[in-house]
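This report covers pockets, aromatic pairs and one sheet. Please keep the sequence and the 3D view at hand.

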Amino acid sequence: MIKMKIPSLRLRKRVLFLPFGKAKGSMALEGSLALPLFLFFMMTVLLGLEAVRFQSNVLEALHQSGNKAAFEGYLTKYAGKERAGAKGQIREYLDGQAYPYLCVAGGAEGVQVEELSQTEGNGRIEILVEYGLKPFIPCLPIGEIRVKDRFLSHLWIGYHGNGGESGGTKEVYVYVTKTGSRYHLSVQCTYLGIRPSAVGYDEVGGLRNLSGGKYYACQRCKPAKGGIVYLTKDGQAYHGRSDCSALKRTVYMIPLGEAGGYGACSKCAG
């Protein structure tokens with residue numbers, strides 16, 4: 001402790017100064033107050049980013065299920081095919097994502113899907129998804145945050161020809177892939193979907209695809225050498241993310257009259 005005397009006209013005052021090395025207690029107190037605030041701020045930011053990611057997944061699921069509802073409504077009306085519900089399609093898409101419901105209040109059960117599609121009448125297609133976001137600390141008095149995402153479209157009416165002497169024809173469209181050899185009547189056919197399997201990185205070296213070949217690292221997502229990776233039975237690469245763009249199969253819709261080079265799918269068109 002250092003004592004310093006300050007002269008004065010009337011009084012003699014003594015001011016005590018603590019050396020810098022003796023102020024450890026005050027720094028520890030400041031750190032104990034600042035660290036929780038910093039962690040709370042970072043976790044709140046991360047939760048906000050997770051909410052944005054989940055909403056992007058919901059919008060993608062809405063877009064896919066809405067388009068399927070438009071085309072399947074045509075097949076329901078003219079080809080006698082049963083149309084699958086949008087709720088199951090959306091739930092299947094979200095369940096296939098990595099840790100899909102981290103920010104959703106109530107988890108998977110907290111996502112409410114309401115389908116207002118009409119295959120008869122005006123053919124309006126409307127799908128509403130509503131869910132609540134949970135805060136990082138549930139006891140915070142910030143109220144409930146509700147999010148509503150909506151998809152609006154119209155039933156695809158198909159191609160009916162030019163109304164010539166034959167009275168017009170109804171063209172049926174089918175679905176094919178770039179490398180496939182079969183055409184499909186339903187875009188939801190299981191042979192069109194890709195279902196990756198999650199395995200440990202250490203297991204990849206001993207696995208083989210359907211052709212007997214080895215798996216190589218994906219050049220798009222560049223998976224790390226460790227942890228969990230994703231692969232398919234007919235693929236040639238393993239991936240670091242289940243939503244890697246290389247795992248998405250492009251499906252083309254063509255008229256049945258132009259599918260001469262394709263055979264009928266044994267599951268949906270047999």
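A pocket here is an open set of grid points where a 1.4 Å probe fits, with protein on both sides within 12 Å along at least five of seven lines. A residue counts as lining if it has an atom within 4 Å of a point. The model is predicted.

**Pockets**

Rolling a probe the size of a water molecule over the atoms shows where empty space is left. The largest pocket has a volume of about 1,300 Å³. Its lining has 34 residues. Nearest the centre of this pocket lie Q64, K68, Y93, G193 and I194.

Which elements supply at least two residues each to this lining? They are α1 (24-79), α2 (86-95) and β12 (251-255). Helix α1 gives the largest share, with eight residues.

The second largest pocket holds about 890 Å³ of space. Its lining has 31 residues. G193, I194, T232, D234 and R249 lie nearest the centre of the second largest pocket. G193 and I194 thus appear among the residues nearest the centre of each of these two pockets.

The table sets out the two pockets.

| Pocket | Volume | Lining | Nonpolar | Polar | Charged |
|---|---|---|---|---|---|
| Largest pocket | about 1,300 Å³ | 34 residues | 15 residues | 12 residues | seven residues |
| Second largest pocket | about 890 Å³ | 31 residues | nine residues | 15 residues | seven residues |

**Aromatic pairs**

A pair of aromatic rings is described by the distance of the centres and the angle of the planes. The structure holds three aromatic pairs. One of them joins F54 and Y131. The ring centres of F54 and Y131 are 4.9 Å apart. Their planes stand at 90°, and planes over 60 degrees apart count as edge-to-face, so this pair is edge-to-face.

What does the pair tie together? F54 lies in helix α1 and Y131 in strand β4 (residues 124-133), so the contact links parts that are 77 residues apart in sequence.

Buried means under 20% relative accessible area. F54, at 1% relative accessibility, is therefore buried. Y131 also has a relative accessible area of 1% and is buried. Ring pairs join F54, Y101 and Y131 into a cluster.

**The sheet around β4**

Strand β4, which carries Y131, belongs to an open sheet of three strands. The order is β3-β4-β5, and the pairing is antiparallel. Edge strands β3 (112-115) and β5 (145-154) each pair on one side only. From one strand to the next, the twist averages 15°.

Strands of a sheet pair through backbone hydrogen bonds, either parallel or antiparallel. How many bridges join β4 to β5? There are 10, and the two strands run antiparallel. Y131 stands opposite V147 in β5. G132 has R146 in β5 as its bridge partner.

On the other pairing, β3 and β4 are joined over four bridges, again in the antiparallel sense. Here E114 stands opposite L128 in β4.

Is β4 enclosed or open to the outside? Eight of its 10 residues are buried, so β4 is largely enclosed by the rest of the structure.

Key. Residues are numbered from 1 along each chain as its sequence is written. This is a predicted model: local features need pLDDT of at least 70, side-chain atom pairs count only at pLDDT 80 or more; totals for chains, interfaces and linings use all residues. Side-chain values use heavy atoms; hydrogens and water are left out. On a 1 Å grid over the protein atoms alone, a cavity is a set of points where a 1.4 Å probe fits but cannot get out, and a pocket is an open set with protein on both sides within 12 Å along at least five of seven lines; lining residues have an atom within 4 Å of a point. Grid points are joined across faces, edges and corners, and a volume is the space filled by probe spheres set on the points. Ala, Val, Leu, Ile, Met, Phe, Trp, Tyr, Cys and Pro count as nonpolar, Asp, Glu, Lys and Arg as charged, and the others, Gly among them, as polar. Rings of Phe, Tyr and Trp (its six-membered ring) pair if their centres lie within 6.5 Å; planes under 30 degrees apart count as stacked, over 60 as edge-to-face and the rest as tilted. Buried means under 20% relative accessible area, exposed over 50%, partly exposed in between (1.4 Å probe, protein chains only). Two strands pair if DSSP finds at least two bridges between them. Axes are lines fitted to C-alpha atoms, for helices over the stretch in contact, and angles run from 0 to 180 degrees between N-to-C directions.
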